[in-house]
Amino acid sequence: MTKAGCLFHSYEFDDVSDTPPPAGFKPFYISHYGRHGSRYHTLDQYFAESYFTLEKARVDGNLTAEGMLLLSQADSLYKMHDGMLGVLTPKGVREQKTLARRMSERFPEVFSGRGVRKIDGYSSDIPRCILSLAAFTGSLLSEYPGLDVSYESGERCSRYLRITDTYAPSRAHYYPLMNDAIEQSCDWSSLMNILFVDPSRVDIAPYDLASNIWGAWAICECVEDVHIDIMKYFTQEQLFNTWKLRSQYYYQILARSDKFGEASANGTAVLLKDFLDKADAALASGEIAATLRFGHDSILMPLVALIGIDEFDDWHTDSDPIVTKWDLGTHVCMGSNLQMVFYRNKTGKILVKILYNEKETTIPAISTFHDCYY
């Protein structure tokens, strides 16, 4: 059910396995882009309206027992976010440390090779991404203290790690349509009867309040200290429709769709070029073990759509909902990541394995182990 939190769903550390490479090939370099780990909400508007609505009803003597419970939880979230909007949570730090540890344990040859082994780290200028880079590299250094780690962040990095202009028009156009679609997908009035003694005395539309409560519930998985039982307030239909339509919305604007084409994906061409350029540099130097980049879901998703990895390569249409095989909670959770693992044999031939959220994946247009020579 937590996947119904969509982009706010925390990373799932599933068991992973590796298909053996052809004989003689060993990993020697990893190129990576990771979304920051679990965070606080970036704006308190995602949950603040529910707090103020419930508090006003409490003062007016119009809250039920369930309403009082939800007010207490919303109050805790409101105070917890004071001065922390958009910041990485302790859980987000742990996620990045664990991802790094799993990477180093899975590909020890990359980090323990002879001579100097360098880690080049890059981050957008947003603090949660900088902290994610620090947590990730700190974990690597605890395992391999001899690594030479460099760090770079700032506006120059953000030009390719945090790109917004390519999808802003479609997002501005489609976001109101998404909310309208969710509101019209089912009846939201049941929530009002659960929370208020007399719903007619509450000056807020049922869906507006529901959307705000959903935002409060969804972030609880990231902050851990507050738990809201969403099924007390939402029906299965309401929660399902919220998940489905939000997943469709994000895929439409950030991947491929008949409405918006590939504008967002094409906008990450500069980032894909960075992958190629830095891989060339790593091959030339022989010293770079990994290139680590930290940014946002709004860039990771178009990037993998541009590359065309499996499950991000389809065109979305309203007549063929993408959620039959794809959803935000599974595919673009907190800490989501793309890893390109480079293998080489003694003759110098190179293969590249692609991992998405640590799991082996393919580019359907390319046959595995045959057309993947770098």
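These are my notebook entries on a sheet, a cavity and several single residues in a predicted model.

**Entry 1: the sheet**

I began with the strand order. Seven strands make up an open sheet, and the order reads β3-β2-β4-β1-β5-β6-β7. The pairing is mixed. I then looked for the edges. β3, residues 148-152, is one edge strand, and β7, residues 359-361, is the other. Each of these pairs on one side only. From one strand to the next, I read an average twist of 25 degrees.

**Entry 2: from β1 to β5**

Next I followed individual pairs. How many bridges join β1 to β5? I noted eight, with the strands running antiparallel. β1 covers residues 26-35 and β5 covers residues 337-344. For one register mark I took Pro27, whose bridge partner in β5 is Tyr343.

**Entry 3: from β5 to β6**

I moved one strand along. β5 and β6 also run antiparallel, joined by seven bridges. Val341 has Lys353 as its bridge partner in β6. The two strands form a hairpin, with five residues between them. I checked the turn for positive phi. Gly348 has one, at about 95 degrees.

Is β6 largely enclosed or largely open? I looked up burial along residues 350-356. Six of the seven residues are buried, so β6 is largely enclosed by the rest of the structure.

**Entry 4: from β6 to β7**

This step takes me to an edge strand, β7. Three bridges join β6 to β7, and the strands run antiparallel. Here I used Ile354 as the register mark; Thr361 is its bridge partner in β7. The hairpin has two residues between its strands.

I spent some time on this loop. Asn357 lies in the loop between β6 and β7. Its phi is near 50 degrees, which is positive in a residue other than glycine. Glu358 is found in the loop between β6 and β7 too. For Glu358 I noted a phi near 70 degrees, again a positive value in a residue other than glycine.

Are these loop residues buried or exposed? The cut-off for buried is under 20% relative accessible area. Asn357 is at 8%, so I entered it as buried. Glu358 is at 3%, so it counts as buried as well.

**Entry 5: a helix across the sheet**

I asked which strands helix α5 lies across. The helix, residues 127-143, crosses β1, β2, β3 and β4. Of these, β2 spans 118-123 and β4 spans 288-295. I took the angle against β4: α5 runs at about 150 degrees to that strand.

**Entry 6: the cavity**

I turned to internal space. Searching the whole structure gives one cavity of 30 Å³ or more. The volume of the largest cavity is about 30 Å³. Which residues line the largest cavity? I listed Trp188, Tyr207, Ala210, Ser211, Trp214, Phe234, Thr242 and Arg246. Two elements give two or more residues to this lining: α9 (206-223) and α10 (236-254). α9 supplies the largest share, with four residues. By class, I noted five nonpolar residues, two polar and one charged.

**Entry 7: Ser247**

I stayed with α10 and picked Ser247, which is found in that helix. Its relative accessible area is 0%, so I put it down as buried. What does Ser247 touch, not counting residues up to four places away in sequence? The list is Val323, Trp326, Asp327 and Leu328.

**Entry 8: Met192**

My last residue was Met192, in helix α8, which runs over residues 190-195. Its relative accessible area is 5%, so this residue is buried. I set aside neighbours within four places in sequence and looked up the contacts. Met192 is in contact with Pro199, Val202, Ile204, Pro206 and Leu209.

I closed with one distance, from Met192 to Asp148. These residues are 44 apart along the chain. Their C-alpha atoms are separated by 57 Å.

Conventions: Residues numbered from 1 in each chain as written. Predicted model: local features only at pLDDT ≥ 70, side-chain atom pairs only at ≥ 80, totals over all residues. Heavy atoms only, no water. 1 Å grid on protein atoms, 1.4 Å probe; cavity = no way out; pocket = protein on both sides within 12 Å on 5 of 7 lines; lining within 4 Å. Points joined across faces, edges and corners; volume = space filled by probe spheres on them. Nonpolar A, V, L, I, M, F, W, Y, C, P; charged D, E, K, R; others polar. Buried < 20%, exposed > 50% of the residue type's maximum accessible area, 1.4 Å probe, protein only. Contact = heavy atoms within 4.5 Å. Pairing = 2+ DSSP bridges. Axes fitted to C-alpha atoms, helices over the stretch in contact; angles between N-to-C directions.
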